Amino acid sequence: EEEEDENAFYTKELPEWACRYCGIHDPASAVMCNVCHKWFCNGRGNTSGSHIINHLVRAKHKEVSLHKDGLVRDTVLECYACAVKNVFVLGFIPAKAESVVVLLCRQPCAAQSSLRDMNWDPEQWKPLINDRALLPWLVRVPSEAEQLRARQITAQQINKLEELWKENASATFDDLERPGVDEEPQQVCLRYEDGFQYQNIFGPLVKLEADYDKKLKESQTQDKIEVRWDIGLNKKICAYFTLAKTDGDMRLMHGDELRLRYLGDLHKPWSGVGHVIKIPDNFGEEVGIELKSNVGVPTDCRDKFVVDFVWKSTSFDRMQAALRKFAVDDSSVSPYIYHRLLGHVEIDELIFRHIHLPKQLSAPNLPTLNNSQQYALKHALQRPLSLIQGPPGTGKTVTSATIVYQLVKQTGGSVLVCAPSNTAVDQLTEKIHKTGLKVVRLCAKSREAIDSPVSFLALHNQIRNLEDNGELQKLQQLKEETGELSSADEKRYRMLKKQAEKTLLEAADVICCTCVGAGDPRLARLKFHSILIDESMQATEPECMVPVVLGAKQVILVGDHCQLGPVVMCKKASRAGLSQSLFERLVVLGIRPFRLTVQYRMHPQLAQFPSNFFYEGSLQNGVADADRTMKGVSFPWPQADKPQFFYVTSGQEEIAGSGTSYLNRTEASSVEKLVTRFLNSGVKPEQIGVITPYEGQRAYLVQYMQYQGPLNQKLYQRLEVASVDAFQGREKDLIIMSCVRSNEHQGIGFLSDPRRLNVALTRARYGIIIVGNPKVLSKQGLWNHLLHHFKEKKVLVEGPLNNLKESMMQFSKPKRLVN
Amino acid sequence: EEEQLLDGDMNVNINHVQCEEDNDFMSAFDRMMADSILERASAVPRPGQLDISVPVHIRSTAKKTYDQLLSEGTKEEAKPVVNFVFLTRSGNKQQYNSVEMPVDSELVTKLRTREEAERAE
Ligand SMILES: [Zn+2]
Ligand SMILES: [Zn+2]
Ligand SMILES: [Zn+2]
């Protein structure tokens with residue numbers, strides 16, 4: 001009988017305002033999303049937020065209207081004073097002596113002191129969203145009976161429905177049952193039969209990631225943009241503007257493409273594409289792009305612009321092409337490499353016995369290698385496939401550069417050197433250049449305008465400085481001065497440029513580029529027998545394959561599978577195994593990585609925990625305590641010989657569900673005090689790195705320090721505040737890490753990944769301070785260990801900076817042990 | 001105890017099911033809240049925007065004693081409510097809605113305390 005009841009409930013034609021999740025359709029409980037015009041109820045069902053809030057958060061929509069027959073009639077919720085409509089910042093304040101309340105935004109309207117004179121009581125401001133639902137006097141919460149009778153939609157189903165809506169806005173709950181929606185892609189394997197199977201598994205995963213990336217980029221259009229115009233050094237027009245922060249998933253990077261469109265009526269319609277040349281940083285939240293063409297740009301207009309994100313398929317196309325080539329082209333890699341990469345272990349490990357190892361195991365102008373680095377070098381030179389594991393600070397870049405030098409000396413042929421990120425490529429390029437080899441840094445065309453320490457090695461700049469090509473230079477000059485060439489000249493220019501590029505690339509000893517950069521058509525004709533990939537644990541397998549299929553007979557993967565892996569945004573693809581690097585899989589297959597074991601970065605005290613926990617205690621210290629003690633800096637370390645501590649902050653700010661405590665003002669103010677103390681004692685801002693988990697917290701901290709810190713704003717500006725991921729591969733003298741409150745439900749998210757914790761703990765050279773709440777963190781096994789480590793060292797402290805005392809706080813029991 | 005849980009409107013969450021998707025939702029909620037607040041952190045009010053005095057014709061209806069409010073707001077239902085005027089806007093138009101606040105809400109309690117204090121004077 002009950003079932004029948006339920007069926008009747010669904011088959012009945014529901015009104016427009018019925019909740020798109022559960023079907024509840026009492027007008028008093030109904031709220032419409034103003035962005036997608038779907039209705040939702042204010043009941044939670046079996047989730048921890050009401051359905052409307054579930055929708056707003058998952059779809060990243062922020063504005064709502066109420067029903068005409070609701071508790072509050074037919075109204076768009078907006079601030080009474082400034083008309084802002086984001087419900088996440090709306091709330092209300094009461095009048096002092098009357099039964100009147102007014103709808104106001106938290107900032108700036110409710111924060112005005114003048115309100116008090118108008119008989120309002122701004123201290124009593126309360127948000128419209130409480131405990132992840134709208135206030136019940138505004139939108140009725142359906143009763144228990146109503147909710148039980150409605151469709152029992154789960155959080156998983158809600159997720160899927162929201163995903164479906166991205167493709168088909170009118171999809172309904174029933175479409176969830178449609179075949180295909182739920183299909184999970186095939187999991188990656190440890191071993192593959194052949195290159196075809198390999199392609200058949202990775203191809204669809206790359207496609208999933210590409211689709212996800214495309215959808216994400218294309219949903220980021222922003223309007224009402226005000227533009228500031230400027231002219232770059234190369235006479236190109238640049239546009240600067242501020243984008244609203246819509247989504248933490250979306251990271252804008254140098255070289256990304258944005259399209260600017262003019263919608264006003266002071267100029268005829270215009271749109272132009274440009275490359276990002278500036279992203280939000282400590283010096284300002286502005287984004288800058290350099291336009292591709294100067295023609296018809298409405299530089300006399302300032303507002304009414306729209307910004308679209310331009311999705312480019314290039315990197316995904318290159319990965320797919322590499323997978324295809326690996327499958328069908330037997331000259332893409334040597335037979336040995338082919339079988340080894342596929343995991344055919346019956347192939348014996350090959351050692352190049354004919355190789356004469358050099359007597360001098362080093363390279364000109366680079367530091368002499370230590371023992372473990374020398375072994376790594378020999379190991380790599382003697383094998384067609386080798387893994388070199390470089391824990392933090394163990395001289396991975398110098399070792400790689402020396403290997404490259406010796407490879408060139410040995411083979412005489414050119415070596416291809418890649419890494420997943422441009423920063424890593426630049427670092428390695430710089431070192432290899434020092435050895436005196438002929439190096440070309442190949443950049444994506446979209447990044448040619450971006451300056452780097454090795455700009456002078458970039459192919460496009462080397463061409464500019466070629467001595468014996470007067471005609472090309474003249475044309476180039478003409479192009480730069482006038483912006484545009486005649487079509488005949490353009491043709492000639494391109495031909496000459498191509499020739500010059502070819503000559504330079506063929507003459508190079510070493511070509512350096514990113515992994516996907518290796519798919520550049522300019523390299524298509526070249527063959528590389530020796531390929532070294534640095535930071536290879538940060539690349540997905542298909543990404544690694546892009547350079548490998550250029551003819552590899554010898555592959556050297558440098559990396560550290562105990563540090564962060566590749567970023568895969570599509571959860572489906574990530575779950576299916578795309579986020580496992582080739583390095584990692586080869587380790588699992590039993591290829592032993594050769595580990596560098598002497599670390600030169602951290603104060604020995606700081607290296608202790610990471611060494612024991614992540615590297616089986618194998619890290620030795622190449623530096624002594626005295627080398628890593630800051631001279632002339634007085635700082636109240638709780639233990640003078642141990643420049644580290646855990647600064648206990650309590651979670652009093654955790655106002656249930658309001659979410660505002662997420663910013664953790666207490667931690668921000670602790671971080672500011674620590675930073676100020678360091679700066680006051682003579683530390684330079686550039687020496688300090690502040691690690692915070694989320695983009696929101698980064699922006700808050702930057703702002704907080706610059707406006708609340710007692711010292712000159714400029715000092716705080718020079719400080720680097722970023723996520724763990726942004727610090728990977730780099731170091732700072734001092735690290736302050738703000739863990740940010742994590743509530744009971746949420747777990748500790750980003751910090752529960754052991755590899756991320758390892759990276760966070762190993763960035764500092766002289767000292768590290770972790771600010772956080774041990775009660776919450778200790779629930780996680782790994783953190784529990786770390787906290788006990790700090791406690792044993794008597795560096796788990798609380799209280800004011802000038803009077804730090806050992807904290808007696810009891811830890812929670814760990815829920816489960818990761819790792 | 002369960003009884004009490006279902007009593008307050010906010011707590012109708014009968015079959016809460018804990019799962020990864022729900023946890024993700026909670027962190028995404030926190031992030032959205034934090035980002036929204038941050039986005040407004042440096043906003044400054046435009047002059048003249050903040051003249052939000054209580055309109056006179058509302059004043060006469062809204063200025064009642066707590067007891068008066070209570071008697072007119074209470075219906076036969078178990079839960080007594082108090083009528084408040086809720087000022088909102090729609091485009092350039094101001095709107096006045098009557099809303100029912102639970103009698104045990106902080107808002108109502110504060111109003112009563114204030115009145116009692118005034119009376120005592
Ligand atoms: Zn919506
Ligand atoms: Zn619902
Ligand atoms: Zn406002």
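This is a guided tour of two zinc sites and several salt bridges in the structure shown above.

The model is predicted: local features need pLDDT of at least 70, side-chain atom pairs count only at pLDDT 80 or more, and totals for chains, interfaces and linings use all residues. Residues are numbered from 1 along each chain as its sequence is written, chains are lettered from A and ligands numbered from 1 in the order in which they are written, and side-chain values use heavy atoms, with hydrogens and water left out.

**First stop: the zinc ion (ligand 1)**

Select the zinc ion (ligand 1) together with A:Cys33, A:Cys36, A:His55 and A:His61. The protein donors are the SG atoms of A:Cys33 and A:Cys36, NE2 of A:His55 and ND1 of A:His61, at 2.0 to 2.2 Å from the ion. (Donors are N, O and S atoms within 2.8 Å of the metal, or 3.2 Å for Na, K and Ca; water is not among the atoms, so sites may look incomplete.) The four donor atoms form angles of 101 to 120°, and the site is tetrahedral; four donors count as such if all angles lie between 85 and 135 degrees. Along the chain, the donors of this ion have the spacing C-x2-C-x18-H-x5-H. A:Cys33 belongs to strand S1 (residues 30-33) of chain A and A:His55 to helix H2 of chain A, so the pair ties together parts 22 residues apart in sequence. (Helices, H or I with at least four residues, and strands, E with at least two, are DSSP runs numbered from the N terminus.) A:Cys33 is buried, with a relative accessible area of 0%, and A:His55 is buried as well, at 1%. (Buried means under 20% relative accessible area, exposed over 50%, and partly exposed in between, with a 1.4 Å probe and protein chains only.)

**Second stop: the zinc ion (ligand 2)**

Next, select the zinc ion (ligand 2), whose protein donors are SG of A:Cys19, A:Cys22 and A:Cys41 and ND1 of A:His51, lying 2.1 to 2.3 Å from the ion. The angles among these four donor atoms are 106 to 118°, which makes the arrangement tetrahedral. The spacing of the donors along the chain is C-x2-C-x18-C-x9-H. A:Cys41 in strand S2 (residues 39-41) and A:His51 in helix H2 (residues 51-59), both of chain A, are 10 residues apart. Both A:Cys41 and A:His51 are buried.

**Third stop: salt bridges**

How many salt bridges does the structure hold over all chains? There are 39, each being a side-chain nitrogen of Lys or Arg within 4 Å of a carboxyl oxygen of Asp or Glu.

Select A:Arg575 and A:Glu184, whose side chains meet in a salt bridge at 3.2 Å, N to O. A:Arg575 lies in helix H15 (residues 571-578) of chain A and A:Glu184 in the loop between helix H4 (155-167) and helix H5 (195-218) of chain A, so the pair joins parts that are 391 residues apart in sequence. A:Arg575 is partly exposed at 48% relative accessible area, as is A:Glu184 at 45%.

Move on to A:Asp308 and A:Arg261, which form a salt bridge of 2.8 Å, N to O. A:Asp308 is in strand S15 (residues 305-310) and A:Arg261 in strand S12 (residues 257-262) of chain A, so this pair ties together parts 47 residues apart in sequence. A:Asp308 is buried at 9% relative accessibility, whereas A:Arg261 is partly exposed at 29%.

Finally, select A:Lys502 and A:Glu506, a salt bridge of 3.7 Å, N to O. Both residues lie in helix H13 (residues 487-507) of chain A, four residues apart, about one turn of the helix.

Notes. Tetrahedral: all angles 85-135°; square planar, octahedral: opposite > 155°, others 65-115°.
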